Amino acid sequence: MNLIKAVSIFLGVLIAATAWLALASVPSTPPPWISFVDIASSAGLRDPVIYGGTERQKYILETTGTGVAIFDYDGDDRPDIFLVNGSRLGTTTREAPSNRLYHNLGGGKFEEVTAKAGLLHSGWGQAACVGDFDNDGWMDLLVTSYGNNILYRNKGNGTFEDVTQKAGIQTAGRWNSGCTFVDYDNDGKLDIFVANYVDYRDATRYAPGSGPNCKWKGMDVMCGPMGLGKSKNILFHNNGDGTFTDVSVASGVTRAQGFYCLMPVTLDFNLDGWPDIYVACDSSPNILLKNNGNGTFADVAAEAGAAYNEDGREQASMGVAVADYNLDGYPDILVTNFSDDTPTLYRNNADGTFNDSTFAAKLGLIPNT
């Protein structure tokens, strides 16, 4: 009887193993082939984006590139495209390229309407963000730059009005990088957060190879950001009458010093009903500004596990996005970094902390180029 039982068990194991091997031998379904075709020219997006020298970028100012905002500016339910443009050293005002607005005509076609919309402007543009700061139902536009930001109010008739001076958000003498609209005090009015990169004066101060931070892989390259002066981020409070007040110091956002900040994004990482701000920073720890709910913020990135990667080092963070990738109800953070590094995925632990889950999610297999 015991022999029969042993044989039965053996046969059961053998059958299970055979079935497993059979399944393992069946080739898995190949992933779908996905390809993209560049249709920019045929779609009408033909103007070049200019940023720095064509052969070589001598200074860090020439290296960061520009941003884009995709939004329905005229209320026709088709997303339009606003491209930020830069400049080149030695370029005259007359020669300088302008930002570009492309109106979506439908059918995959766009029309360049920058001048018609009142958005012609030249300079060292950096990024753009969109929000209805005056609550009139039309999306307004903020453009950051090396120099002064520009706030455009959407007039609701296909055109924009430059209200920068009236709004009181002039930022001359600063290297403004990314931006985001955020109602940080939950008063129903959108406020503005602007990240700042390198000190304005250091943007074109040091020639390639002139210092220890001006070499890369044995080559003389532009200097920075390491070794260059840092700047402070800015928070503008919306007064509700078309003007803003600089509350950077009062809100505590300037206490997070010693960072080269590029791109901010808003999220409520602890689901307490108050919007927080995460900032991707180049060659320095990232920032997580926790909203205290009383008009102030505190940088909790290090203690929350979202300042460094799992090796405990800062990275050259550039872009950032927020989404609940594992569908647990809490927002997670994905940061892109400089070449020879991986992106970093911070998984929200639902307790006010994050884990670097880059390799667990197999994103560490994807090299940044």
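**Exercise 1. Classify Arg153 by its relative accessibility in this predicted model.**

Solution. Step 1: the relative accessibility of Arg153 is 24%. Step 2: a residue is buried under 20% and exposed over 50%, with partly exposed in between. Step 3: Arg153 therefore counts as partly exposed.

**Exercise 2. Identify the salt bridge that joins Asp134 to another residue, and locate both partners in the chain.**

Solution. Step 1: the partner of Asp134 is Arg153, and the closest N and O atoms are 3.9 Å apart. Step 2: this pair connects distant parts of the chain, with Asp134 in the loop between strand 5 (125-131) and strand 6 (140-147) and Arg153 in strand 7 (residues 150-154). The two residues are 19 residues apart. Step 3: the cut-off for a salt bridge is 4 Å between a side-chain nitrogen of Lys or Arg and a carboxyl oxygen of Asp or Glu, and the N to O distance of 3.9 Å satisfies this criterion. Step 4: Asp134 has a relative accessibility of 27% and therefore counts as partly exposed.

**Exercise 3. State the geometry of the salt bridge between Asp136 and Arg153, and the placement of the two residues.**

Solution. Step 1: the side chains of Asp136 and Arg153 meet at 3.9 Å, N to O. Step 2: this pair, too, links distant parts of the chain, since Asp136 belongs to the loop between strand 5 and strand 6 and Arg153 to strand 7, 17 residues apart. Step 3: with 32% relative accessibility, Asp136 counts as partly exposed.

**Exercise 4. Describe the salt bridge of Asp187, and then name the residues that shared partners join into one network.**

Solution. Step 1: Asp187 pairs with Lys189, the closest N and O atoms being 3.2 Å apart. Step 2: Asp187, at 30% relative accessibility, counts as partly exposed. Step 3: Lys189 is also partly exposed, its relative accessible area being 22%. Step 4: the network formed by salt bridges with shared partners consists of Asp134, Asp136, Arg153 and Glu161. Step 5: the total for the structure is 11 salt bridges.

**Exercise 5. Which strands stand at the edges of the open sheet of four strands, and why is one side of each without a neighbour?**

Solution. Step 1: the strand order is 1-2-3-4, and the pairing is antiparallel. Step 2: strand 1 (68-71) and strand 4 (109-112) each have a single partner strand, so these two stand at the edges and one side of each has no neighbour in the sheet. Step 3: the average twist from one strand to the next is 25 degrees. Step 4: four bridges in the antiparallel sense pair strand 1 with strand 2. Step 5: one bridge partner in strand 2 is Phe82, which is matched with Ala69.

**Exercise 6. Characterise the environment of Asn99.**

Solution. Step 1: Asn99 is located in the loop between strand 2 (80-83) and strand 3 (100-106). Step 2: its relative accessibility is 2%, so Asn99 counts as buried. Step 3: a polar atom of the Asn99 side chain lies 2.8 Å from the backbone nitrogen of Asn85. Step 4: apart from neighbours within four places in sequence, the residues in contact with Asn99 include Phe82, Leu83, Val84, Thr114, His121 and Val143.

**Exercise 7. Analyse the aromatic pairs of Tyr73 with Phe160 and of Phe269 with Phe354.**

Solution. Step 1: the structure contains 11 aromatic pairs. Step 2: in the pair of Tyr73 and Phe160, the ring centres are 6.0 Å apart and the planes lie at 35 degrees, so this pair is tilted. Step 3: Tyr73 is in the loop between strand 1 and strand 2 and Phe160 is in strand 8 (residues 160-162), so the pair ties together parts that are 87 residues apart in sequence. Step 4: Tyr73 is buried, with a relative accessible area of 5%, and Phe160 counts as buried at 6% relative accessibility. Step 5: Phe269 and Phe354 form a tilted pair as well, with 6.0 Å centre to centre and 35 degrees between the planes. Step 6: this pair links Phe269, in the loop between strand 15 (261-267) and strand 16 (276-281), to Phe354, in strand 22 (residues 354-356), 85 residues apart. Step 7: Phe269 counts as buried at 2% relative accessibility, and Phe354 counts as buried at 4%.

Technical notes: Residues are numbered from 1 along each chain as its sequence is written. This is a predicted model: local features need pLDDT of at least 70, side-chain atom pairs count only at pLDDT 80 or more; totals for chains, interfaces and linings use all residues. Side-chain values use heavy atoms; hydrogens and water are left out. Buried means under 20% relative accessible area, exposed over 50%, partly exposed in between (1.4 Å probe, protein chains only). A polar contact is a pair of N or O atoms within 3.5 Å; within protein, one must be able to donate a hydrogen and the other to accept it, and residues adjacent in sequence count only if both atoms are side-chain atoms. Contact means heavy atoms within 4.5 Å. Two strands pair if DSSP finds at least two bridges between them. Axes are lines fitted to C-alpha atoms, for helices over the stretch in contact, and angles run from 0 to 180 degrees between N-to-C directions. Rings of Phe, Tyr and Trp (its six-membered ring) pair if their centres lie within 6.5 Å; planes under 30 degrees apart count as stacked, over 60 as edge-to-face and the rest as tilted.
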